[in-house]
Amino acid sequence: MGNAWVGFSVVVGDFTGDGKPDLLALDSSGNLWLYPNIGGEDGPGSGDPTFGAQTEVGTGLTDTELVAATDPYDTGRNGYITLNTDSGDLYFTPSIGGTGLSTFGNPNLIGTGWGTLTTIN
(Lines give C-alpha, C1' and ligand atoms only; values in the text may rest on other atoms or scores of the structure.)
Protein backbone atom coordinates (compact mmCIF):
# COMPACT_ATOMS: atom_id res chain seq x y z
CA MET A 1 0.00 0.00 0.00
CA GLY A 2 3.01 2.26 -0.20
CA ASN A 3 5.22 3.99 2.30
CA ALA A 4 5.98 7.48 3.66
CA TRP A 5 2.49 7.97 5.16
CA VAL A 6 3.87 9.77 8.23
CA GLY A 7 1.88 12.97 8.81
CA PHE A 8 -1.21 11.76 6.91
CA SER A 9 -4.65 10.95 8.26
CA VAL A 10 -6.43 8.39 6.09
CA VAL A 11 -9.97 7.03 5.66
CA VAL A 12 -11.37 4.41 3.31
CA GLY A 13 -14.72 4.66 1.52
CA ASP A 14 -16.33 4.57 -1.90
CA PHE A 15 -15.70 8.16 -2.93
CA THR A 16 -16.04 7.51 -6.68
CA GLY A 17 -19.38 5.68 -6.60
CA ASP A 18 -18.13 2.52 -8.32
CA GLY A 19 -18.70 0.17 -5.37
CA LYS A 20 -14.99 -0.19 -4.57
CA PRO A 21 -13.21 1.20 -1.49
CA ASP A 22 -11.01 4.19 -2.32
CA LEU A 23 -8.38 5.84 -0.15
CA LEU A 24 -8.70 9.47 0.99
CA ALA A 25 -5.60 11.00 2.60
CA LEU A 26 -5.03 14.36 4.25
CA ASP A 27 -1.41 15.53 4.42
CA SER A 28 0.15 17.75 7.07
CA SER A 29 0.02 20.76 4.70
CA GLY A 30 -3.79 20.59 4.55
CA ASN A 31 -4.05 19.05 1.08
CA LEU A 32 -6.60 16.28 0.52
CA TRP A 33 -5.76 13.47 -1.92
CA LEU A 34 -7.98 10.80 -3.45
CA TYR A 35 -6.45 7.49 -4.51
CA PRO A 36 -9.16 5.66 -6.51
CA ASN A 37 -9.40 1.89 -6.35
CA ILE A 38 -8.75 0.75 -9.90
CA GLY A 39 -8.90 -3.00 -9.31
CA GLY A 40 -9.67 -5.82 -6.95
CA GLU A 41 -11.67 -5.85 -3.74
CA ASP A 42 -15.25 -5.93 -4.98
CA GLY A 43 -15.94 -7.92 -1.85
CA PRO A 44 -14.31 -10.28 0.61
CA GLY A 45 -11.84 -12.66 -1.01
CA SER A 46 -11.92 -11.03 -4.46
CA GLY A 47 -8.33 -9.79 -4.49
CA ASP A 48 -6.29 -6.92 -3.20
CA PRO A 49 -7.26 -3.33 -3.98
CA THR A 50 -5.02 -1.47 -6.40
CA PHE A 51 -4.98 2.30 -6.07
CA GLY A 52 -4.49 4.64 -9.01
CA ALA A 53 -2.70 7.96 -9.22
CA GLN A 54 -3.50 10.55 -6.61
CA THR A 55 -5.84 13.42 -7.42
CA GLU A 56 -5.94 16.54 -5.28
CA VAL A 57 -9.53 16.97 -4.10
CA GLY A 58 -9.15 19.58 -1.36
CA THR A 59 -6.88 22.27 0.01
CA GLY A 60 -6.65 24.50 3.07
CA LEU A 61 -7.49 21.80 5.61
CA THR A 62 -4.81 22.81 8.10
CA ASP A 63 -5.23 21.83 11.76
CA THR A 64 -7.59 19.09 10.56
CA GLU A 65 -7.75 15.30 10.82
CA LEU A 66 -9.85 12.89 8.79
CA VAL A 67 -12.15 10.97 11.14
CA ALA A 68 -14.51 8.83 9.03
CA ALA A 69 -16.06 8.21 5.63
CA THR A 70 -19.84 7.99 5.45
CA ASP A 71 -22.80 8.19 3.05
CA PRO A 72 -25.65 9.48 5.26
CA TYR A 73 -27.80 10.51 2.27
CA ASP A 74 -27.44 7.14 0.47
CA THR A 75 -25.95 8.67 -2.70
CA GLY A 76 -23.62 5.76 -3.41
CA ARG A 77 -20.59 8.01 -2.79
CA ASN A 78 -18.98 8.63 0.60
CA GLY A 79 -18.41 12.05 2.02
CA TYR A 80 -16.00 12.50 4.89
CA ILE A 81 -15.96 13.76 8.46
CA THR A 82 -13.11 15.93 9.73
CA LEU A 83 -12.10 17.22 13.12
CA ASN A 84 -10.65 20.71 13.42
CA THR A 85 -8.00 20.07 16.05
CA ASP A 86 -7.86 23.76 17.10
CA SER A 87 -11.59 24.39 17.63
CA GLY A 88 -12.81 20.85 18.36
CA ASP A 89 -15.48 21.24 15.64
CA LEU A 90 -16.63 18.28 13.53
CA TYR A 91 -17.59 18.80 9.89
CA PHE A 92 -19.25 16.59 7.30
CA THR A 93 -18.26 17.25 3.69
CA PRO A 94 -20.53 15.55 1.13
CA SER A 95 -19.45 14.03 -2.16
CA ILE A 96 -21.00 15.86 -5.09
CA GLY A 97 -19.72 13.49 -7.75
CA GLY A 98 -17.33 15.88 -9.48
CA THR A 99 -13.66 15.36 -10.16
CA GLY A 100 -10.55 16.98 -8.81
CA LEU A 101 -11.22 19.98 -6.59
CA SER A 102 -14.98 19.75 -7.34
CA THR A 103 -15.33 16.20 -5.95
CA PHE A 104 -16.73 17.41 -2.62
CA GLY A 105 -19.19 20.12 -1.61
CA ASN A 106 -18.99 22.61 1.22
CA PRO A 107 -18.34 21.33 4.75
CA ASN A 108 -21.25 21.37 7.20
CA LEU A 109 -20.72 21.81 10.96
CA ILE A 110 -22.13 18.71 12.68
CA GLY A 111 -20.70 18.95 16.20
CA THR A 112 -18.66 20.99 18.64
CA GLY A 113 -16.60 20.25 21.72
CA TRP A 114 -14.60 17.36 20.25
CA GLY A 115 -11.23 18.85 21.19
CA THR A 116 -10.07 15.77 23.06
CA LEU A 117 -11.06 13.24 20.40
CA THR A 118 -8.27 10.92 19.33
CA THR A 119 -8.58 9.39 15.89
CA ILE A 120 -7.40 5.91 15.04
CA ASN A 121 -6.15 5.55 11.49
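# A tour of a ten-strand chain

Start with the whole chain shown as a surface: its accessible area comes to about 6600 Å², and 51% of that belongs to carbon and sulfur atoms. The model is a predicted one. Of the 121 residues in the chain, 36% are buried.

Switch to a cartoon. There are 10 strands and zero helices, so the order along the sequence reads β-β-β-β-β-β-β-β-β-β. Among the contacts with a separation of 6 or more, 32% join residues that lie 24 or more positions apart.

**The core**

Select Val11, Phe15, Leu24, Leu26, Leu32, Leu34, Val57, Leu66, Tyr80 and Phe104 and show their side chains. These 10 residues form the largest nonpolar core of the chain. Two strands to colour here are β2 (22-26) and β3 (32-35), each of which supplies at least two residues of this core.

Now centre on Leu32. Which residues does Leu32 touch, leaving aside those up to four places away in sequence? The list is Leu24, Ala25, Leu26, Thr55, Glu56, Val57, Gly58, Leu61, Leu66 and Tyr80. Gly58, one of these contacts of Leu32, comes up again at the next stop.

**Ser102**

Go to the loop between β9 (90-93) and β10 (108-111) and pick Ser102. At 37% relative accessibility, Ser102 counts as partly exposed. Show its side chain and the backbone of Thr99: the side chain of Ser102 reaches the backbone oxygen of Thr99 at 2.8 Å. Then add Gly58 and draw a distance between the two C-alpha atoms. Ser102 and Gly58 are separated by 44 residues in sequence, and their C-alpha atoms are 8.4 Å apart in space.

**Two aspartates with positive phi**

Most residues other than glycine have a negative phi. The last two stops have a positive one.

Select Asp63 in the loop that joins β6 (55-58) to β7 (64-70). Its phi is near 55°, a positive value in a residue that is not glycine. Is Asp63 exposed or partly exposed? Asp63 counts as partly exposed because its relative accessibility is 40%, and the exposed class begins over 50%.

Move on along the sequence to Asp74, in the loop between β7 and β8 (79-84). The phi of Asp74 is also positive, near 55°. Asp74 has 69% relative accessibility and therefore counts as exposed.

To finish, show both aspartates together with the core residues. Asp63 is partly exposed and Asp74 is exposed, whereas the core set, with Leu32 in it, is nonpolar.

Key. Residues numbered from 1 in each chain as written. Predicted model: local features only at pLDDT ≥ 70, side-chain atom pairs only at ≥ 80, totals over all residues. Heavy atoms only, no water. Helix = DSSP H or I, 4+ residues; strand = E, 2+ residues; numbered from the N terminus. Buried < 20%, exposed > 50% of the residue type's maximum accessible area, 1.4 Å probe, protein only. Polar contact = N/O pair within 3.5 Å; in protein donor to acceptor, adjacent residues only side chain to side chain. Contact = heavy atoms within 4.5 Å. Areas by Shrake-Rupley, 256 points an atom, 1.4 Å probe, with all protein chains shown as cover. Core = buried A, V, L, I, M, F, W, Y, C linked by side-chain atoms within 4.5 Å.
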